[in-house]
Amino acid sequence: MPNLKKKRKAQNEDFKKKKIKVGKKKPLPDNYTNTSFATKSISLPNQSVTENKSQHATTKRNLTLIDVVSQLRHYNASVKKDALAGLQELTNTHPALVISSLSDVIYALCKLFFDEDQGVRKALINFLKDWAPTVPKADLSPFASLLIEHTCSAMTHIFEDIRIDAIQLMDIWVDLLPEVLVSKFWAKVVGNYMSMLSVQLYHQNLSDSSQLPSNANSAGSVKAAAAKSHLHLHKQKLRLLSSLSNFLQAGLANDRLDSTWYLNDFIETRQALGAFKHKLVLLTSSRNHSTVDLTKNELGLTPPHPRMLSYIPYLAGNLTTCSIFESSGPKAKIITDKAGKHNEALDLNDKAGHVLTLLDTFKPVLTGSWLETAPSVFASGNITMSPALQILNSVLRLTLVLWRAVVSNGANADIIALAEFDQIIKHFFVYFPYGSEMTGLSSPEVDIMLRDMNIAFCEMTALYLLVQPDRGEMTWKAKVTDYVLSLFERADFNREDVFTSLRPAVWSLLNYLGGDAQATSLVESLLNYYQRQRAQSALKRSVLDFFIQLYLVQSTPSYCGAFRLNHDTPQADLFKKWFETLPKTLWEIKTSQPDMSRSILGIMCEAAKRNGRDIIDEKTLNKAELILSTFFQFNHPQKGPVKGPYASMPSDIQRRALDYIFFVNSGNEKVAAAIAGVQ
């Protein structure tokens, strides 16, 4: 028994609980390791707080540019946002310093394109919007490829928030670097937009050509993919469609900076088009046009005939130019068709050759967005400024950009096979004119947007009817023409930029209607609209320029438009009335607008050189000459002879006025007396 008790006691020895007494420390375990350490001080050399930075440009937080750039790479989001604020401060106070270290700044900023913190990306976008436009283009261009490549990568990021913010970055480069973006990254950026719109794209060999297959998507796949995406939200879709429209506008409409771009396709040869535009420039030039200086030396060439100026641009038709600052990317090449018409193709026809495919590819997205949004906007009697209305405006703009490119790139032969575009026009036409059935009051912003939408649809329909007159419906022509006529009668249609946007639609309608009575009504309304404007207004100048273009294009070689001004027609009579108003307008503007005075006298001299063999006959020329006599001097009933604006005009304008009298050469004594009174 004693041995048994001793054995049990030994077995329980390992599991025996030791009693802890009050006031005593707990005993340490057997496997305890002492990890404590002791130190006297911690030394931190080169602290930014104590460092002397008086010789460097610093922020309010005493940070130099090097410090700010290093903080842009920090892992903490708050530190990166503070660094962007500091960089903004340095760019405002010391812009030259940031430009001198541009490579370091841009490399650090590119890393933030993919930052997972939305606040950092928002601060980055705001900084680039303010700072990038101030950087000289020559300094920013070397980094264009780097910036665009990082933006393209952000557009295909796994997180949708980063992809959506990348759209705003792309908008910045479209505004600042359109040439590089279009010439080198066209196919890549288009593919990114298609990917974001949930359009499947099968890329082929980009070294030969980047073809965009028309069967790469369907309306069902687009809608199914959009249901899984946040892009069905109006604001996100609006941002994407607006960005895509701006990008395609930059790539497919490089000639939109030219105020006469809508006339380009109606003049068949490049030489004739160049002569026409050169003549328009000469109208407002202050140079003496009696002598054409072909060289920089003292020798000159005096043309034996007044129309020699029209032929001078032909002499340089075969000359080539060399620029050492050309982009190293793919160059634009000239394609000459059988008719001798020259077209520009960029990036191996990525733009021009696949415009129809682009239109067919984006068609399900455009149609789906319109059908999804339009009923909710136009069904109610009250239209407000909303993302849904802005989406409709973006869809119209995007479709118009694509359709302009289809027509202007000579794709008319293939348009017959594009019956799907009929459906797009029909969907758009259902609610046209947009906003006409509103019952309540709307804001000025809504009225302006609805008017822009109506003008865009008018141009789109006019271009479509122009290239496919047999496919359109007669109600389209009637409604579009009636709307344009109603615009000229509205008192609030008084902005120069709005009329400028309407000119392509008016020109297309005139060519589609030809000699129709509606074309005459359109010219008559345009003339009445011109006469109602104030002489000193910019709108009067814009309408005057449009009339000058309509008149001069008639005598341009290789003009192939259907709009013709023939003798003894109502339209020719309307242009005679317009010509007779020019001396009065010249007198009214006096010395306030010298360029407008040059244009008026230039077109008058151009008509006078033709000696009445034009629609402006000799009777009209003599009548205008008699009215022009008051420009020199007129007899006041009480004051007697009073000098007109002629005496205060620049010498080149005075010379043009005398040239018109010389070319007409009517021998009118009243005109001769008026000129003698100011000599």
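This is a short presentation on one protein chain and on selected parts of its structure.

Good morning. The structure before you is a predicted model, and I shall begin with confidence. The mean pLDDT of the protein chain is 78, with 77% of the residues at 70 or more. Two stretches call for caution. Over residues 199-232 the pLDDT is below 50, and this stretch has 58 contacts in the model beyond near neighbours in sequence. Residues 289-350 also stay under 50 in pLDDT, and there the model has 85 contacts beyond four places in sequence. Where pLDDT is low, predicted coordinates should not be read in detail. I shall therefore not interpret the contacts of residues 289-350, where pLDDT stays under 50.

Let me turn to the overall architecture. The chain contains 28 helices and 4 strands. Of its 679 residues, 46% are buried. Among contacts with a separation of 6 or more, 72% join residues 24 or more positions apart.

I shall now take individual helices, starting with helix 8, residues 144-155. Its 12 residues reach 16 Å from the first C-alpha to the last, close to the 16 Å expected at 1.5 Å a residue. Which residues of helix 8 are buried? They are Ala144, Leu147, Ile148, His150, Thr151, Cys152, Ala154 and Met155. The cover over these buried residues includes helix 5 (102-111), helix 7 (137-140), helix 9 (160-176) and helix 10 (178-196).

Leucine 240 belongs to helix 12, residues 234-252. With a relative accessible area of 1%, leucine 240 counts as buried, because the cut-off is under 20%. Its C-alpha atom is separated by 7.7 Å from that of isoleucine 164, and the two residues are 76 residues apart along the chain.

Helix 13 covers residues 270-284. From first C-alpha to last, its 15 residues reach 22 Å, close to the 21 Å expected at 1.5 Å a residue. The buried residues in helix 13 are Ala272, Leu273, Ala275, Phe276, Lys279, Leu280, Leu282 and Leu283. A lysine, Lys279, is included in that list.

The next topic is a helix pair. Two packed helices are described by the angle between their axes and the distance between the axes. For helix 22 (residues 517-532) and helix 23 (residues 538-552), the angle is about 145° and the axes are 9 Å apart. The crossing of helix 22 and helix 23 is left-handed. Helix 22 contributes Leu526, Leu527, Tyr529, Tyr530 and Gln531 to the contact, while helix 23 contributes Leu539, Lys540, Val543, Leu544, Phe546, Phe547 and Leu550. By class, these are 10 nonpolar, 1 polar and 1 charged residues.

Valine 523 also has its place in helix 22. Is valine 523 buried or exposed? It is buried, with a relative accessible area of 2%. Leaving aside neighbours within four places in sequence, valine 523 is in contact with Leu510, Phe563, Leu574 and Phe575. From valine 523 to alanine 572 the C-alpha to C-alpha distance is 9.9 Å, for residues 49 apart in sequence.

A second buried position is cysteine 605, located in helix 25, residues 594-609. The relative accessible area of cysteine 605 is 7%. What does cysteine 605 touch, not counting residues up to four places away in sequence? The partners are Arg656, Asp659, Tyr660 and Phe663. Cysteine 605 and phenylalanine 662 are 57 residues apart in sequence, and their C-alpha atoms are 9.3 Å apart in space.

I close with backbone geometry. Most residues other than glycine have a negative phi, and most peptide bonds are trans. Three places in this model depart from that pattern.

The peptide bond from phenylalanine 432 to proline 433 is cis, with omega near -5°. Proline 433 sits in the loop between helix 18 (420-429) and helix 19 (444-467).

Serine 558 is not a glycine, yet it has a positive phi of about 70°. This serine 558 is in the loop between helix 23 and helix 24 (570-589), and it is partly exposed, with a relative accessible area of 30%.

Asparagine 665, likewise not a glycine, has a positive phi of about 55°. The loop that holds asparagine 665 runs between helix 27 (651-664) and helix 28 (669-676). Asparagine 665 is exposed, with a relative accessible area of 61%.

Thank you for your attention.

Technical notes:
Residues numbered from 1 in each chain as written. Predicted model: local features only at pLDDT ≥ 70, side-chain atom pairs only at ≥ 80, totals over all residues. Heavy atoms only, no water. Axes fitted to C-alpha atoms, helices over the stretch in contact; angles between N-to-C directions. Helix = DSSP H or I, 4+ residues; strand = E, 2+ residues; numbered from the N terminus. Left-handed = near helix turned anticlockwise from the far one by under 90°. Contact = heavy atoms within 4.5 Å. Nonpolar A, V, L, I, M, F, W, Y, C, P; charged D, E, K, R; others polar. Expected span 1.5 Å × (residues − 1). Buried < 20%, exposed > 50% of the residue type's maximum accessible area, 1.4 Å probe, protein only. pLDDT = per-residue confidence, 0-100.
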